[in-house]
Amino acid sequence: MADHPTAAIHRLQPIPIRREPVRRSKEPMPPAAPPVSNARIAVVTLLVAETMFFSGLIGAYLVFRVGTPVWPPLNLPHLPLAVTWVNTLVLMTSGVTMVGAVRAARRDDQRALRRGLAITALLGVTFLAVQGSEWLRLIHHGLTISAGMYGATFYVLIGTHAAHVLGAVVWLTLILIWARRGHFTGGRDGAVEACAIYWVFVCALWLALFALVYQ
Amino acid sequence: MSGWGMPSGRRLAVCLGVAGAFVLVAVMLGSPEARAQGCAMCATYLSNGQDPRAEAFKTSIIFLMCMPFVVVASAGGWILWMHWRSRPRRPSLRVLRAEGEGAS
């Protein structure tokens, strides 16, 4: 037996209509989070300026190094390669621990964050201490900043990088103090990320300088 | 979405990258004499014989000439990539089909 002609209409299901929730409040809508935070853009801008600054120094170094037939000069000591390799490993390890600290901050693991920051700062101080001791040995062997272009370019280039590592260690120590006070809970990890970006930059810069100056 | 099927920002980044690569290759493949014409000091050194300082100046000039492009391209590319990654994405056709099959 055939259905009544209107039965098909009765079988139709109503189509659900998705409605936007009605805003009762008269307060303005909160602004959407920007895709790149202001802190990140600030650090990237700083790094662009730093990269150009070091590019100028490297450009000057290239002029003296490529334009000099014998490099290093015969009467001056060679740079300590083995110790610097170990020191490079120390700095790269600090980069890895810093990335681990940022990941800990993202998952709100405060203990791992503090541990990662402390280890990174310790490795940074170790790097600076080894650099300082090597510099003392080189000065003792006659490689001073006034010993010609070899000494001048070496101390200016590597010394500027060491000053940046020192600045990064101070920044990292402040972040560690704030982390101990619980400032980076609940996803507020922008300062940790900014410091980490700078630290990774310092590590990558050292790789370039090490390949250029020590080889 | 227009043109080559990619967002305008991404298309701009691709164009800039291709143009930068072209300039870099043109500079690297040019003869030393041709490159030296852009620098009066290098041209003088080259005409006076094989002075190592000419090579030093050329190396340094090319390095310093390339670095701003590399730095700006890296920073701009990173910001564009972050922007592109954080945009709201439409569900793909495969997901829509799977949802349609689930509903029926």
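Q: With which residues is A:Cys195 in contact, leaving aside its neighbours within four places in sequence?
A: The model is predicted. In it, contact requires C-beta atoms within 7 Å. Once neighbours within four places in sequence are set aside, the residues in contact with A:Cys195 are A:Trp171, A:Leu172 and A:Ile175.

Q: Which element gives the most residues to the largest nonpolar core?
A: The largest nonpolar core has 27 residues, and A:Cys195 is among those with the most contacts inside it, as are A:Ala101, A:Leu117, A:Leu172 and A:Trp199. Two or more residues each come from helix H3 (81-106), helix H4 (110-140), helix H5 (149-180) and helix H6 (190-213) of chain A. The element that gives the most, with nine residues, is H6(A).

Q: How many residues does the other core, apart from the largest one, have?
A: This other core includes A:Ile58, A:Tyr61 and A:Val63. B:Ala54 is also among its members. The number of residues in this core is six.

Q: Which class, nonpolar, polar or charged, has the most residues on the side of chain B that touches chain A?
A: Chain B places 18 residues in contact with 14 residues of chain A. On the chain B side, two residues are charged, four are polar and 12 are nonpolar. The class asked for is nonpolar.

Q: What percentage of the residues of chain B count as buried?
A: Chain B has five helices and zero strands, in the pattern α-α-α-α-α along the sequence. To count as buried, a residue needs 20 or more other C-beta atoms within 10 Å of its own. Of the 104 residues of chain B, the buried share is 7%.

Notes. Residues numbered from 1 in each chain as written. Chains lettered and ligands numbered in written order. Predicted model: local features only at pLDDT ≥ 70, side-chain atom pairs only at ≥ 80, totals over all residues. Core = buried A, V, L, I, M, F, W, Y, C linked by C-beta atoms within 7 Å. Buried ≥ 20, exposed ≤ 12 C-beta atoms within 10 Å, placed from the backbone. Helix = DSSP H or I, 4+ residues; strand = E, 2+ residues; numbered from the N terminus. Contact = placed C-beta atoms within 7 Å. Nonpolar A, V, L, I, M, F, W, Y, C, P; charged D, E, K, R; others polar.
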